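Please open the structure in your viewer and keep the sequence panel beside it, since the tour below moves from one selection to the next.

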Amino acid sequence: MRILLLASAFNSLSQRLHAELRDRRHQVDVQLAGDDEELTSTVDRLRPDLLLAPMLRSAIPREVWSRLTCLIVHPGPPGDRGPSSLDRAIQDGRTEWGVTVLQAEEEMDAGPVWAWAPCRLPGRGKSDLYRNEVSDAAVAAALLAVERVACGTHAPQPQHGPGWRGTVRTRPLLRQAERRIDWSADTTEAVLRRLRAADSQPGVLDDLCGAEWYLHGGHPEPLLRGRPGDLLATRAGAVCRATPDGAVWLPELRRRRTPGGPATFKLPAVTALGSLLPPVPERSAPLMPEPGERAGWSDLRYREDGPVGFLHFSFPGGAMSADHCRRLRAAYRFALGRPTSVLVLGGGRDFFSNGIHLNVIEAAEDPAAESWATITAMDDLVAEVLTTTDRLVVAALGGNAAAGGVMLALAADEVWCRRGAVLNPHYRLMGLYGSEYWTYTLPRRVGAAEAERLTRQALPVSATTAERLGLVDRVLDAGPEGFGPAAARLAGLLAASPGAQRRIAAKKAAREADERVKPLAAYREEELTVMHRQFFAPESPYHALRSAFVRKRPVPAGIRARL
């Protein structure tokens, strides 16, 4: 079928459905919502068989849904209605939920149900759940609904009448008044539910250090204690704030926008607070905790299981600042000093990496210089992986990866990813050529022609297609919670395999041979020569594209035409 994908933003779910539908040989077009006349014109021009809206903040106009089947992906079970479905479920502590695909009608979320799928809601942030458990359920339900539309004989279930067995629950928008945290009374668990229900958007509005901020994300702290509401410590850019029965780590803050002022954006909490931050100690967490040690939250962690080392990292939004890259590189070098034969990089349930941290760059006094510092730190990290010749390195992608994050993964000997992961192996939409040795690693995996196509078309790639192309070596059919253990079992088998030591020896020889043909330093110099020009030239589209992305503004038409 020809399917028009309508979305308020081409987000993770929209990208995944785009890739999954194309894998099934549907013809898929994308339309961003917001202009009803433009949508109507697109429908007239394309004449799609179906409109599918995986992420929509506005209603589809009657002129469209009255003459074309329009399916809405709603992040709630059948009968659930309202714009804050998932937010309320998380803040209320629900553990079982679902996703419904229903037909657009006059009343919001009240149309007949074409398909639905259940999902669990473990204690994670909304954005994490949305990209994982909710995304899995949404894709299953959406693909089933598309099949049912295509067959032409399925009758959707109306949400009323004698055949309806569900309960209708219409709930209003979850506003900041209901999200508000009472630091003097709310327990750690209650605070975490509020933070998790708003972690990506809209955040929880709060007063901190004499200013108003939106708090994004939260992690429990097992040991530190203090007067409720006080800041107790910093760690890896986050701040720790006391509750009546414990404390929580707040990784990111966003300044409240002043009337008429510029759009604000999320930053590491310590960076955002700047000079407002009171003198509190930096409480680092051990990279490799002792058995039984209550180390608490950290964005970097290393552990071992026999001959296998596991270096886990998890940065908000998958974005990596120069500091993230340097700390991860130091942790990687620590792991290289351990007596293992296989090293697993990643293995978490959410983002692997999305490359350089555009928000930190945008906030810098000199964004071009910060861009350069970040990309060189990223290159230093990738070089460590590429030149590891005394053990096998596995990149384990439990979640999505993009741009330099994909190239970081490709530096490993093997790339394993979860079935639901989406890869964006390109830099073009940010107006960049790219670095991280991609001109070496991408063609050697997929060939020069395919590498050129992937970077030029700039489309999301499903795990299935990535495996077919050679971008990844193994796709694991595991849920978000099961991916890490599944990857660990496979890594153990790899380390115990009879051919592991032969592979390590062959790897070393191949790296030496490649170095003689063309040194890694030459790839790096060629890539960075282009990147330096794109970072420092005033006319470079990168600066306008970065600012629009960070501040969630439309890309200027003239800039978009130059991509």
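## Backbone turns and loops

Begin by selecting Ala458, which is found in the loop between α15 (448-457) and β24 (461-462). The model you are looking at is a predicted one. The phi of Ala458 is near 55°, which is a positive value in a residue other than glycine, and at 9% relative accessibility Ala458 counts as buried. As background for this stop and the next ones, most residues other than glycine have a negative phi, and most peptide bonds are trans.

For a second positive phi, go to Arg25 in the loop between α1 (12-23) and β2. Its phi is near 70°, again in a residue other than glycine, but Arg25 is exposed, with a relative accessible area of 77%.

Now select helix α14 (residues 438-446), whose buried residues are Trp438, Tyr440, Thr441, Leu442, Arg445 and Val446. Continue past the end of α14 to Gly447, which follows the helix and has a positive phi near 90°.

The next selection is the pair Gln201 and Pro202, which are joined by a cis peptide bond with omega about 0°. Pro202 lies in the loop between α8 (188-196) and β9, and following the chain onward from there brings you to the sheet described below.

## The sheet that begins with β9

Select strand β9 (residues 204-208) and then strand β10 (residues 211-216), which pair in the antiparallel sense over 5 bridges. Which residue of β10 is the bridge partner of Asp207? The partner is Glu212, while Leu205 stands opposite Tyr214 in β10. The two strands form a hairpin with 2 residues between them, and Cys209 in the turn has a positive phi of about 55°.

Widen the selection to the open sheet of 4 strands, which has the order β9-β10-β15-β16 with antiparallel pairing. In this sheet β9 and β16 (267-268) stand at the edges, each with a single partner strand, so one side of each is left without a neighbour in the sheet. Is β9, as an edge strand, enclosed by the rest of the structure or left open? With 4 of its 5 residues buried, β9 is largely enclosed by the rest of the structure.

## Charged pairs

A search of the whole structure finds 40 salt bridges, and the following stops visit some of them. Side chains of opposite charge can pair when their charged atoms come close.

Select Arg171 and Asp92, whose side chains meet in a salt bridge at 3.9 Å, N to O. Arg171 lies in the loop between β8 (169-170) and α7 (176-179) and Asp92 in the loop between α4 (85-91) and β6 (96-103), so the pair ties together parts that are 79 residues apart in sequence. Asp92 is exposed, with a relative accessible area of 53%.

Move to Asp323 and Arg327, which both lie in helix α10 (residues 322-336), 4 residues apart, or about one turn of the helix. Their side chains meet in a salt bridge at 3.1 Å, N to O. Asp323 is partly exposed, with a relative accessible area of 41%, and Arg327 also counts as partly exposed, at 23% relative accessibility.

A further pair to select is Arg227 and Asp230, with a salt bridge at 3.1 Å, N to O. Here Arg227 is exposed, with a relative accessible area of 62%, whereas Asp230 is partly exposed at 28%. For a group rather than a pair, select Arg16, Glu20, Arg24, Asp136 and Arg418, which are linked in a network of salt bridges.

## A negative patch and a buried proline

Switch to a surface display and select Asp35, Asp36, Glu37, Glu38 and Glu63, which form a negative surface patch. Helix α2 (residues 36-46) gives the most to this patch, with 3 residues. Asp35 is found in the loop between β2 (27-32) and α2, and this residue is partly exposed, with a relative accessible area of 37%.

End at Pro61, whose place is in the loop between β3 (50-55) and α3 (62-65). Pro61 is buried, with a relative accessible area of 15%. Add Thr40 to the selection: the C-alpha atoms of Pro61 and Thr40, 21 residues apart along the chain, are separated by 8.4 Å.

Terms used. Residues are numbered from 1 along each chain as its sequence is written. This is a predicted model: local features need pLDDT of at least 70, side-chain atom pairs count only at pLDDT 80 or more; totals for chains, interfaces and linings use all residues. Side-chain values use heavy atoms; hydrogens and water are left out. Patches are made of residues with over 30% relative accessible area and no salt bridge: like charges are joined within 9 Å, nonpolar side chains (Val, Leu, Ile, Met, Phe, Trp, Tyr) within 5 Å. Accessible areas come from the Shrake-Rupley method with a 1.4 Å probe; for residues, only the protein chains shown count as cover. A salt bridge is a side-chain nitrogen of Lys or Arg within 4 Å of a carboxyl oxygen of Asp or Glu. Lys and Arg count as positive and Asp and Glu as negative; His and the chain ends are not counted. The place of a charge is taken as NZ of Lys, CZ of Arg, CG of Asp or CD of Glu. Buried means under 20% relative accessible area, exposed over 50%, partly exposed in between (1.4 Å probe, protein chains only). Two strands pair if DSSP finds at least two bridges between them.
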